[in-house]
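User: I'd like to go through some of the labels used for this model. Could you set each one against its definition?

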Amino acid sequence: MITAKESMFRLDTVNTTYLFRTTKFGHLEHIYYGTRLDVSEPADVLAQKRTIPIGSSVIYDESDQLYCLDNMYLEWSDNGRGDYRQSPTELKMPDGSFVSDFVYASHTIAEGCLPMSTLPSAYGGDQTLTVTLRDTSCSVTLDLYFTVFEKANIITRRVVLTNEDQNPLLIRRIMSMMTDMPDENFRMLTLDGGWIKEAHLHERLVEYGIAINSSNTGASSNRHNPGFILAESDATQDNGHVYGFNLVYSGNHFSSVEKSGRDILRVSIGINPHCFEWSLNQGDSFETPEAVMTFSEWGFNGMSHNMHSFVNEHIVRSNWKTREHPVLLNNWEAHFFDFNENKLLNLAKNAKKLGVELFVLDDGWFGKRNNDNSGLGDYSVNPKKLPCGIKAFADKINALGLDFGLWFEPEMVNTDSMLYRNHPEYAVKHPNKKPVLGRNQLVLDLCKSEVRDYIVKNVSLILDEANISYVKWDMNRHIAEGYSSSLQNQGEFYHRYILGLYNVLSRIFDPRPHILLESCSSGGNRFDLGMLCFSPQIWCSDNTDPVERLKIQTGLSYLYPLSTMGAHVSQAPHQQTLRKTPLATRFHVACFGCLGYELDLKYLSPEEKKDVADQIAFYKQYRQVFQYGTFSRMKASKANKIVWQAVSKDKNTAVTGFFQTLETAAESEDRLTVTGLNEGRYTIRTRPQRMYIERFGGLMKHILPVVLNPDGILLRVANRHYSLKDCVQEYKCSKEALRAGIALCNQFSGTGYNEKVRMHGDFGSDLYITEYINKEMLTDEE
Ligand code: GLA
């Protein structure tokens, strides 16, 4: 709910309150953002006290020696008025100066969200406050938008700058939001990395000076995700003040956290000013992307829960909103470019037998694309690989009882392609410099309408020709030379590219809401809220090694829900790390998200096939919880353990993943905690898993009554057809016992094996299912 009373603006969500007011000079003074306050709380109690002048201050107006913008908590600030902290803008005003001073002119409160004209944004908000500020000397206005999403405890912010002056205005920097808050010895947490190591969580103390989280690759990037977190120094997963920020944008982003000498933090987030310049003639406006803020006093998990429900309820759209995503098989790691129809159909038949629902044909089906040197930009089907075309192939896949999905990389072109030969001017390149390649390809210039039309036409033709229910939209290189011959002002390039991308995506997918779009950019190079407005699911990383995925999916889970994470089971030893991990662990990690398989099923042993079939059946049974449950990162008592939990919406079912990275000798006992359930009694049991005997090599003699040559053919054959059962535990207990933490059976430590010993070793894991016991099912003792 939003209220505006006298000079005060108050924005309430279910658990938070945000307060600011206009000062006597018309600036917006930030007062409070935190736990929800009583409606009658007088703001003066919380507002900054300014009772003595601070030495060496520049005073805004001589009538008030205590009014120094540099020392105040503000909701917006300008250049050249005595505030030396980072300004959210750098504007060359119509009068030619860099001095601006935006003060209150008026405000409105509207129901719902106010739609944006150029960019995707959140929908389904409760109310929007628009505060209009006007520069004190130029005819320039700035509208500040605040939308509250009450149940999700989210406030979004953005601004629109309008030049009404007859002289042009030049924007060199404009943020979507800024706010000042008191420092609580904050730590700043960011998701950083690169290819195959996306979204690793890093944390630093917020020190005096400026910490920046940004990207300049043309995409939101795998280097630094746009989202970031501020947490008070002793916040834990479940307690303490935690603020989360994000941006609904897929291009170059920029956030800064500045701690001033007076211990005020200035937080801002928006488009990266790097190589950015935009001019506004009389009557022109510029709208920034939408920024997202949340607060929780219940630690990191509390903040994540807010962000998760916001993404599920207010960002993801199309027919796939809240719908269960299918279990897919992607042929990329099975075949790379080397496939034909027979190979594909065999793979699809095997997939169907194991329970897969969607078959995805990845790269290599079009043009002359037998490696990554050629073909991008062309859409004609390769007749050697698919002699009867895409439609006929899709029909064959459908006839097997599988849905069909297809890979595209529409934003790219290889110089060895029909498209490039006919239209070299479609590629992004500097007119007088040798183009810079990435994965042997150039980026198509989405600033140009003819390029956008070419993509929309060709992708649409294929989507309408064949029965395609899923698209993987890839983007496999960073932009280097941000130059378009269609632009007068090259400072507009990066933002216009993203506007072009959104234009193409909405023209293709808005009319086809039945298609599930999975965005990909060499893995998670564009995992952001902008893409999620089109693509309900994003490929987190090309790295499917479960030990690496624990880091990647944990990192992403701080800001994005499980329903958005594409996660696959692949071959071991793993393609990128050479690590050998149990099949069960690969599944246990991938099932916390949208499950897929990406390996050649024909090489699975009969025993592994049974395993995969069981995994898929299990996943389907609990899919709602794995994709849409409330996800929490649980306390792990030891450094080599990671524990994830997802609880069903009705709070009667929980799934818990218990993961061990490197085994330590003589592992001490483990406890398992389950939280977030309704009152009552529960059964908790281990998902039964197979233990492959080859894992034990020569140690088999300790486990089986027979002695087998560890290198011999007998063991290898036995391993294909026979496996041992790993320890299955089952208990009945109360919600309280689960919250306290139940004791688990011992782990193997070289002193024998029985069915009550957990055989984790390196990279072992278990999945526990907790289910409510109906009163009728209780026996007398219970
Ligand atoms: C990228 C993607 C992969 C795969 C290949 C195909 O690397 O991330 O999943 O689609 O492209 O070339």
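User: What makes the link between the side chain of S734 and the backbone nitrogen of A737 a polar contact?
Analyst: The two sit at 3.1 Å, and a polar contact is a pair of N or O atoms within 3.5 Å, where within protein one must be able to donate a hydrogen and the other to accept it, and residues adjacent in sequence count only if both atoms are side-chain atoms. So 3.1 Å fits the cut-off. Mind that this is a predicted model, where local features need pLDDT of at least 70, side-chain atom pairs count only at pLDDT 80 or more, and totals for chains, interfaces and linings use all residues. Residues are numbered from 1 along each chain as its sequence is written, and side-chain values use heavy atoms, leaving out hydrogens and water.

User: Is S734 buried or exposed, and how do you know?
Analyst: Buried, because its relative accessibility is 18%, and buried means under 20% relative accessible area (exposed is over 50%, partly exposed in between; 1.4 Å probe, protein chains only).

User: Which residues does S734 contact beyond its neighbours within four places in sequence?
Analyst: G680 and R681, with contact meaning heavy atoms within 4.5 Å.

User: Where does S734 lie?
Analyst: In strand β38, residues 730-734; strands are DSSP runs of E, at least two residues, numbered from the N terminus. The open six-stranded sheet runs β31-β32-β33-β40-β35-β38, with antiparallel pairing.

User: Why are β31 and β38 called edge strands?
Analyst: Each pairs on one side only.

User: How do you know that β31 and β32 pair?
Analyst: Five bridges join them, and pairing takes at least two DSSP bridges, so they qualify. T630 stands opposite V647 in β32.

Key. Helices (H or I, at least four residues) and strands (E, at least two) are DSSP runs, numbered from the N terminus.
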